[in-house]
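Me: I'd like to learn how to read charged side chains in a protein model. Could you walk me through it?

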Amino acid sequence: MFGKLFGRGGERPAADPHALPVPHRQRNGTYPLRALGDRRVLALVEAAGAGDWEAVKAALVPFDPGRDHQVLNQLADLDGVQDWIGRAVEEDKEHRATALLVSGARHISWGWEARTAARAADVTREQWRTFHERLDLAEEQLFLAAELRPEWITPWRCLLTSGRGMSLGAAVNETRRDAALRRDPLDLETHIEWVSQLQPRWGGEPGQALAFAQEATARAPEGHRLGCVLATAYIEEWVESERGDFLETDEIRARLREAADRSILHPAHRRRPGWQRDFGTFAMALSLAGERHTVRRVFQVLDGAYPGGWPWQYFADPEKQFARFQRRA
């Protein structure tokens, strides 16, 4: 067990020199993960929060904005970026592709903020108008970024999100998916976007997303994070079912255990900024399935770090639910 948990020979992974110090835990034994738990990402977020484009560029040096989806998401979800990033797009010709990418990603997130998570029937006409205005601009900027940097994956993954929101149809979104996967057939975030696209609430057929996730997981190399797509698909199945016990079967528990052992818990797994989110996804799926052994190992590695965001946002009080699952593990 400990060999699987800590690495080959039972050794713990080497300490990460860029890891943020663990803050004081809350009474429930958890703490919210900040800036992907990475000092370099924190510097990036702080620079973006200050509207300092030069500092943002310097902080991005250790990362590849064309592939590091989670790092890009830190900028996309940061309120205020939309107020200054347009100037960088217009004025910084040398780094225009990066500015376009950041702006496009932010405008998608900003667009969804305007739309809210309400059901489509409950979104007002003004909310729809703002939503589409922001997504229209995002699409224009992301296509320009993709043209300037044809090797990048992130513009195409972002375009999958905007394409779903704008209901552009299967043919358009399949083209965007294929463009991303040509650049990296194992890209997890693109697979997760496609799992979302295949949900019945977005026009997919029941079972499509799970079949896609099972096929992707089966061809993923041992230790690769792509295995998380299966945990994602099961969480989405649980959401669609509207039944709290939907995942509580021996077959689903066995599939999730195998996927975790072949991906995040495998000795060949490499941690990178935001690795806690992958563990958090498995923690949620295994908990919903009522699994008792592997989920304990996953929570032990997390050691109280609450990743936040998706998919925990499906709960009314996500951090409290995370703590509850952790206590039961």
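Me: Thanks! To start with, which side chain does glutamate 189 meet in a salt bridge?

Reply: Happy to help, and keep in mind that this is a predicted model. The general test is a distance: a side-chain nitrogen of Lys or Arg has to lie within 4 Å of a carboxyl oxygen of Asp or Glu. Here the partner of glutamate 189 is arginine 225, with N to O at 2.9 Å.

Me: Where do glutamate 189 and arginine 225 lie in the chain?

Reply: Glutamate 189 belongs to helix H10 (residues 188–197), while arginine 225 sits in the loop between helix H11 (208–219) and helix H12 (228–241). They are 36 residues apart, and the pair links distant parts of the chain.

Me: Are glutamate 189 and arginine 225 buried or exposed?

Reply: For this we use relative accessible area, and buried means under 20%. Both glutamate 189 and arginine 225 are buried.

Me: Now a pair within one helix: how far apart are the closest N and O atoms of glutamate 251 and arginine 255?

Reply: Those atoms are 2.6 Å apart, and the two residues form a salt bridge. Glutamate 251 and arginine 255 are separated by about one helical turn, because they are four residues apart in helix H13 (residues 250–262). Glutamate 251 is partly exposed at 48% relative accessible area, and arginine 255 is partly exposed too, at 31%.

Me: Which residue forms a salt bridge with arginine 297?

Reply: That is aspartate 261, with the closest N and O atoms 3.0 Å apart. Arginine 297 is in helix H15 and aspartate 261 in helix H13, so this salt bridge ties together parts that are 36 residues apart in sequence. Arginine 297 is buried, with a relative accessible area of 3%, whereas aspartate 261 counts as partly exposed at 24%.

Me: How many salt bridges does the structure hold, and which residues are linked in a network?

Reply: The structure holds 25 salt bridges. A network of them links Glu54, Lys57 and Asp92.

Me: What about charges without such a partner: which residues form a positive surface patch?

Reply: A patch takes residues with over 30% relative accessible area and no salt bridge, joining like charges within 9 Å. In this model, Arg292, Arg296, Arg327 and Arg328 form a positive one. Arginine 292 lies in the loop between helix H14 (275–288) and helix H15 (294–302). With a relative accessible area of 54%, arginine 292 is exposed.

Definitions and conventions. Residues numbered from 1 in each chain as written. Predicted model: local features only at pLDDT ≥ 70, side-chain atom pairs only at ≥ 80, totals over all residues. Heavy atoms only, no water. Patch = residues over 30% accessible without salt bridge, like charges linked within 9 Å, V, L, I, M, F, W, Y side chains within 5 Å. Areas by Shrake-Rupley, 256 points an atom, 1.4 Å probe, with all protein chains shown as cover. Lys, Arg positive; Asp, Glu negative; His and termini not counted. Charge placed at Lys NZ, Arg CZ, Asp CG, Glu CD. Helix = DSSP H or I, 4+ residues; strand = E, 2+ residues; numbered from the N terminus. Buried < 20%, exposed > 50% of the residue type's maximum accessible area, 1.4 Å probe, protein only.
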